[in-house]
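Work through the following exercises with the model open beside you, and try each task before you read its solution.

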Amino acid sequence: MITVSNVSKGFGGKLLFESVNTSFGPGKRYGLTGPNGAGKTTFMKILIGDIEPDEGNVYRPKRLGVLRQDHSLFDHMRVLDVVISGNTRLWEAMQEKDRLFAKADLTDDDGERLGELECVVSEEDGYTAEPDAAVLLEGLGIEQSSHQSPLSELKGGFKLRVLLAQALFGRPDALLLDEPTNHLDIESIAWLEDFLNAYNGVLVVISHDRHFLNAVCTHIADIDYQAIIQYPGTYDDMVRQKSQVRSQVEASNTKKMEKVKQLQDFVSRFAAGTRSTQAASRKKEIERLRPDEIKRSNIARPYIRFEFERQSGKDVLEVNKLAGGYGATTIFQGLHLHVGRGEKVAILGKNGAGKTTLVQTLIGEIPALRGNIKWGHETNVGYFPQEHEHVIPPGHTIFDWMFEQKPEAGKEGVRSALGRMLFSGEDGDKPTATLSGGERVRGLLARLMLLKFNVLVLDEPTNHLDLEAISALRDGIESYQGTCIFVSHDRDLVETVANKILLVENGKVEVYPGGYAEYARAKKKV
């Protein structure tokens with residue numbers, strides 16, 4: 001059980017939450033939700049104990065599994081050891097055993113201490129620690145050949161998978177996971193869903209993956225109105241309940257206001273006459289019927305609608321015998337592909353398989369090693385890169401940068417595009433150097449809307465977006481009349497939008513006609 005008592009926290013004069021009283025019970029799985037900037041990560045750090053609240057207390061079990069983001073602390077360690085160190089009691093006992101065995105001469109006290117340490121190792125299942133850690137690593141896509149290597153030899157995304165395995169290891173009483181699906185492919189996310197659904201402790205997880213939250217969570221703890229409100233059920237259940245509660249309050253207020261108007265009319269007519277006593281009674285009733293205050297929610301949803309100025313030809317893209325890679329290194333080969341106007345093509349594959357290489361080859365950012373790529377008549381391609389930190393240069397405001405993209409749109413057209421992506425009013429004058437990851441993504445999506453391409457190529461566009469923005473992007477791609485080719489690990493987006501799947505795997509690109517369901521059925525038959 002994790003218990004939060006009268007916790008308040010603010011930063012830079014902004015109050016994130018006030019006098020929060022809530023608890024997280026064993027056997028329940030809580031999604032911690034709220035828009036970017038609401039304080040999810042801050043609250044998670046308070047639960048972990050990494051930062052202290054301004055007021056209040058948190059009571060937590062001793063054995064916590066925590067997803068750490070700083071892999072540099074473990075770069076010198078063997079991958080298996082990083083995972084095993086997630087069980088602090090076991091790891092410290094194993095380390096002390098090694099130090100004692102390294103001594104030239106053992107004293108009687110040392111022998112007695114070794115016996116005590118053996119008991120700890122046994123109690124913590126230390127004799128199966130390595131195979132148990134290996135199972136976790138393999139489930140998260142870390143091949144056995146890497147288990148004995150130092151963590152520093154893995155790529156960044158795989159390092160974070162090892163830290164996730166570290167958090168899951170050793171039967172913690174509570175799991176506190178901040179964005180555990182980042183850098184996971186769809187297969188690894190499915191494995192993690194199964195693992196967490198079988199977990200019996202307290203789970204609190206932050207995720208921007210709607211499908212993941214729906215698959216795992218039994219409750220949602222939503223940060224809004226400077227409070228944390230718990231809802232039973234999945235994320236979609238919470239959205240419905242939250243909307244219903246607000247609608248009920250608004251409907252009740254409407255009825256109250258109608259009644260108040262009738263009473264005020266009575267009071268204005270009879271306040272000074274023979275019916276003044278009745279008028280006084282009506283005044284008291286007006287006070288009693290005061291509408292409930294509806295606090296302003298901090299949830300804001302962008303409006304994403306992609307349009308184009310001219311239609312492309314019927315045949316958008318033809319690819320024959322395509323091979324891609326760098327220099328003498330071939331990443332994939334033998335791709336044959338036809339993309340027609342209006343198709344939505346999802347590119348799937350494990351991290352490092354070559355999805356970004358494929359995208360960059362298709363748009364001509366890197367040259368093909370072999371084969372042909374032919375874009376169709378009147379195609380106008382808009383590209384969203386996965387690595388976009390330097391796409392929006394510093395030294396501008398977001399408005400000035402957008403205006404430079406298409407001056408003929410006029411100031412009002414630019415302001416309108418920015419407003420749809422929540423850069424309204426003063427937010428449009430934010431310096432580009434200070435934009436957060438989510439704001440930068442919203443700026444790039446605003447640019448795509450402004451420039452009106454008839455083909456969109458998007459490489460991991462949901463990274464850094466909150467759930468509301470991801471839902472808006474999904475709706476925007478689904479309603480788009482042009483052609484879209486996109487890389488994503490967001491299963492909800494792929495399931496909803498894609499009508500063709502490309503799987504990058506083992507140096508090849510397999511083409512699966514139909515949506516995600518057809519792709520999943522075809523994969524099961526293999």
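**Exercise 1.** Find how many aromatic pairs the structure holds, and describe the pair formed by F24 and Y30.

*Solution.* The structure, which is a predicted model, holds 9 aromatic pairs, where rings of Phe, Tyr and Trp (its six-membered ring) pair if their centres lie within 6.5 Å, and planes under 30 degrees apart count as stacked, over 60 as edge-to-face and the rest as tilted. F24 and Y30 form an edge-to-face pair, with 4.9 Å from centre to centre and 90° between the planes. F24 is buried with a relative accessible area of 0%, and Y30 is buried with 3% (buried means under 20% relative accessible area, with a 1.4 Å probe and protein chains only).

**Exercise 2.** Decide which parts the pair of F24 and F43 ties together.

*Solution.* F24 and F43 form a tilted pair, 6.5 Å centre to centre and with 55° between the planes. Because F24 lies in strand β2 (residues 14-24) and F43 in helix α1 (residues 40-48), the pair ties together parts that are 19 residues apart in sequence; helices (H or I, at least four residues) and strands (E, at least two) are DSSP runs, numbered from the N terminus. Ring pairs link F17, F24, Y30 and F43 into a cluster.

**Exercise 3.** Locate D178 and find which side chain shares a polar contact with D178.

*Solution.* D178 is in strand β6 (residues 174-178). A polar contact of 3.0 Å joins its side chain to that of T41 (a pair of N or O atoms within 3.5 Å; within protein, one must be able to donate a hydrogen and the other to accept it, and residues adjacent in sequence count only if both atoms are side-chain atoms).

**Notes.** Residues are numbered from 1 along each chain as its sequence is written. In this predicted model, local features need pLDDT of at least 70 and side-chain atom pairs count only at pLDDT 80 or more, while totals for chains, interfaces and linings use all residues, and side-chain values use heavy atoms, with hydrogens and water left out.

Terms used: Buried means under 20% relative accessible area, exposed over 50%, partly exposed in between (1.4 Å probe, protein chains only).
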